[in-house]
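Subject: Structure handover

Hello,

Here is the structure for you to look through. My notes on it follow below.

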Amino acid sequence: MTYTLNITDDYVTPEGPMPDNAAYLTFVMNMAAASYAKQYAAADKKAGITAAREAYNAALPQPVEAVDAA
């Protein structure tokens with residue numbers, strides 16, 4: 001399955017039930033992006049998503065360098 005989502009700073013939550021999965025996923029991602037922007041004190045949702053991604057990547061274990069056994 002493939003969905004096209006629009007994440008925008010001016011997103012407004014629709015009133016009433018979500019008509020389909022795409023609308024629901026757009027809602028979820030816009031709320032997550034707004035949360036990231038707030039958590040990372042970012043200027044907008046795009047910067048918030050970038051900051052969250054960078055924090056995630058920084059938390060990953062660093063690869064162990066191969067030790068030359070020679």
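A question to start: is alanine 59 buried or exposed? Alanine 59 is exposed, because its relative accessible area is 63%, and the cut-off for that class is over 50%. Its place is in helix 2. The C-alpha atom of alanine 59 is separated by 19 Å from that of alanine 42, and the two residues are 17 apart along the chain.

One caution before the rest: this is a predicted model.

The two helices

Helix 1 covers residues 21-39. Helix 2 covers residues 45-59. Their axes come within 7 Å and cross at roughly 75°. Helix 1 and helix 2 are therefore roughly perpendicular to each other, since angles of 65 to 115 degrees fall in that class. On the helix 1 side, the contact is made by Asn30, Ala33, Ala34, Tyr36 and Ala37. On the helix 2 side, Lys45, Gly48, Ile49 and Ala52 take part.

Alanine 52 deserves a look. It lies in helix 2. Its relative accessibility is 15%, so it counts as buried; the limit for that is under 20%. Not counting residues up to four places away in sequence, alanine 52 touches Tyr36 and Tyr40. Its C-alpha atom is separated by 8.7 Å from that of glutamine 39, a residue 13 places away along the chain.

The loop between them

Alanine 41 is found in the loop between helix 1 and helix 2. It is not a glycine, yet it has a positive phi of about 50°. With 72% relative accessibility, alanine 41 counts as exposed.

The segment before helix 1

Three residues here are worth finding on your screen.

Start with tyrosine 11, in the segment before helix 1. Leaving aside neighbours within four places in sequence, tyrosine 11 is in contact with Ala23, Thr26, Phe27, Asn30, Met31 and Lys45. The C-alpha atoms of tyrosine 11 and asparagine 30 are separated by 7.0 Å, with their positions 19 residues apart in the numbering. Asn30 also belongs to the contact between the helices, and so does Lys45.

Threonine 26 shows the helix 1 side of this arrangement. Its place is in helix 1, and it is buried, with a relative accessible area of 13%. Beyond its neighbours within four places in sequence, threonine 26 is in contact with Thr4, Leu5, Asn6 and Tyr11.

Next comes tyrosine 3, again in the segment before helix 1. How does its accessibility class come out, and why? At 32% relative accessibility, tyrosine 3 counts as partly exposed, because the value lies between the 20% limit for buried and the 50% limit for exposed.

Last is proline 17, which lies in the segment before helix 1 as well. Proline 17 counts as exposed, at 75% relative accessibility. The C-alpha atoms of proline 17 and alanine 58 are separated by 38 Å; along the chain these residues are 41 apart.

The surface patch

Which residues make the nonpolar surface patch of about 730 Å²? They are Met1, Tyr3, Leu5, Ile7, Met29, Tyr36, Tyr40 and Ile49. Several names return here. Tyr36 and Ile49 also take part in the contact between helix 1 and helix 2. Tyr36 and Tyr40 are touched by alanine 52. Leu5 is among the contacts of threonine 26.

Best wishes

Notes. Residues numbered from 1 in each chain as written. Predicted model: local features only at pLDDT ≥ 70, side-chain atom pairs only at ≥ 80, totals over all residues. Heavy atoms only, no water. Patch = residues over 30% accessible without salt bridge, like charges linked within 9 Å, V, L, I, M, F, W, Y side chains within 5 Å. Areas by Shrake-Rupley, 256 points an atom, 1.4 Å probe, with all protein chains shown as cover. Salt bridge = Lys/Arg side-chain N within 4 Å of Asp/Glu carboxyl O. Helix = DSSP H or I, 4+ residues; strand = E, 2+ residues; numbered from the N terminus. Buried < 20%, exposed > 50% of the residue type's maximum accessible area, 1.4 Å probe, protein only. Axes fitted to C-alpha atoms, helices over the stretch in contact; angles between N-to-C directions. Parallel < 35°, antiparallel > 145°, perpendicular 65-115°, else oblique. Contact = heavy atoms within 4.5 Å.
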